[in-house]
Amino acid sequence: MTSLGSYIRERREALRAGNKAFSLRQVAQRIEVEPSFLSKVERGREVPSEPKVRRLAEELGANPDLLLALAGKVSGDLQQVIRKRPELFAQVIRDL
């Protein structure tokens, strides 16, 4: 499975090939993080918060749930649903 960092880097660089606005610095600026932080994310040394993952997904045109999963996270709204019926959702996930 692809890591969050490599997925983000590959996606950003593919977009950058057609649009120079997808440089690391410019993407970092638009999602309101330091370029060094985004670089660490791309290298797998940092894991962004859920809001930052969502901003990255929006910026890169990616599915936020996919990026959250690659980050080892579950969306806050899904956590609330699961907490209401944990046994049911545990069984559904295991059955899948």
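In this predicted model, the largest nonpolar core comprises 19 residues, and those with the most contacts inside it are L4, I8, L38, L56 and L67. The elements that contribute two or more residues to this core are α1, α2, α3, α4 (50-60) and α5 (64-70), with the largest share, four residues, coming from α4.

The chain in which this core is found contains seven helices and zero strands, so that, because only helices and strands are counted as elements, the order from the N terminus on reads α-α-α-α-α-α-α. Along its principal axes, the C-alpha trace of the chain spans about 45 × 25 × 20 Å. Of the 96 residues in the chain, 28% are buried, and the chain exposes about 6500 Å², of which carbon and sulfur atoms supply 51%. When contacts between residues at least 6 apart in sequence are considered, 48% of them join residues at least 24 apart.

Two of the helices that give residues to the core, α1 and α3, also pack against each other. Helix α1 (residues 4-18) and helix α3 (residues 35-42) meet at an angle of about 115°, and their axes lie 7 Å apart. That angle makes α1 roughly perpendicular to α3, since angles of 65 to 115 degrees are placed in that class. On the side of α1, the residues that take part are G5, S6, I8, R9 and R12, and on the side of α3 they are L38, V41 and E42. Sorted by class, the contact of α1 with α3 has three nonpolar, two polar and three charged residues.

Within this contact, L38 and I8 can be followed further, as both are also among the residues with the most contacts inside the core. L38 is found in helix α3, and at 1% relative accessibility it counts as buried, because the term applies to residues under 20% relative accessible area. When residues up to four places away in sequence are not counted, L38 touches I8, L24, V27, A28, V33 and L56. With the same exclusion of residues up to four places away in sequence, I8 touches L38, V41, E42, L56 and L60. L56 is therefore touched by L38 and by I8, and L56 is itself listed with the residues that have the most contacts inside the core. The C-alpha atoms of L38 and R9, which are 29 residues apart along the chain, are separated by 9.4 Å.

Other positions illustrate further surroundings of α1. A14 is found in helix α1 and, at 53% relative accessibility, counts as exposed, the cut-off for that term being over 50%. A14 and L60 are 46 residues apart in sequence, whereas in space they are 9.8 Å apart, C-alpha to C-alpha. S23, by contrast, is found in the loop between α1 and α2 (24-31), and with a relative accessible area of 15% it is buried. Residues up to four places away in sequence being left aside, S23 touches R12 and R16; R12 is also one of the residues of α1 that meet α3.

Conventions:
Residues numbered from 1 in each chain as written. Predicted model: local features only at pLDDT ≥ 70, side-chain atom pairs only at ≥ 80, totals over all residues. Heavy atoms only, no water. Axes fitted to C-alpha atoms, helices over the stretch in contact; angles between N-to-C directions. Parallel < 35°, antiparallel > 145°, perpendicular 65-115°, else oblique. Contact = heavy atoms within 4.5 Å. Nonpolar A, V, L, I, M, F, W, Y, C, P; charged D, E, K, R; others polar. Buried < 20%, exposed > 50% of the residue type's maximum accessible area, 1.4 Å probe, protein only. Areas by Shrake-Rupley, 256 points an atom, 1.4 Å probe, with all protein chains shown as cover. Core = buried A, V, L, I, M, F, W, Y, C linked by side-chain atoms within 4.5 Å.
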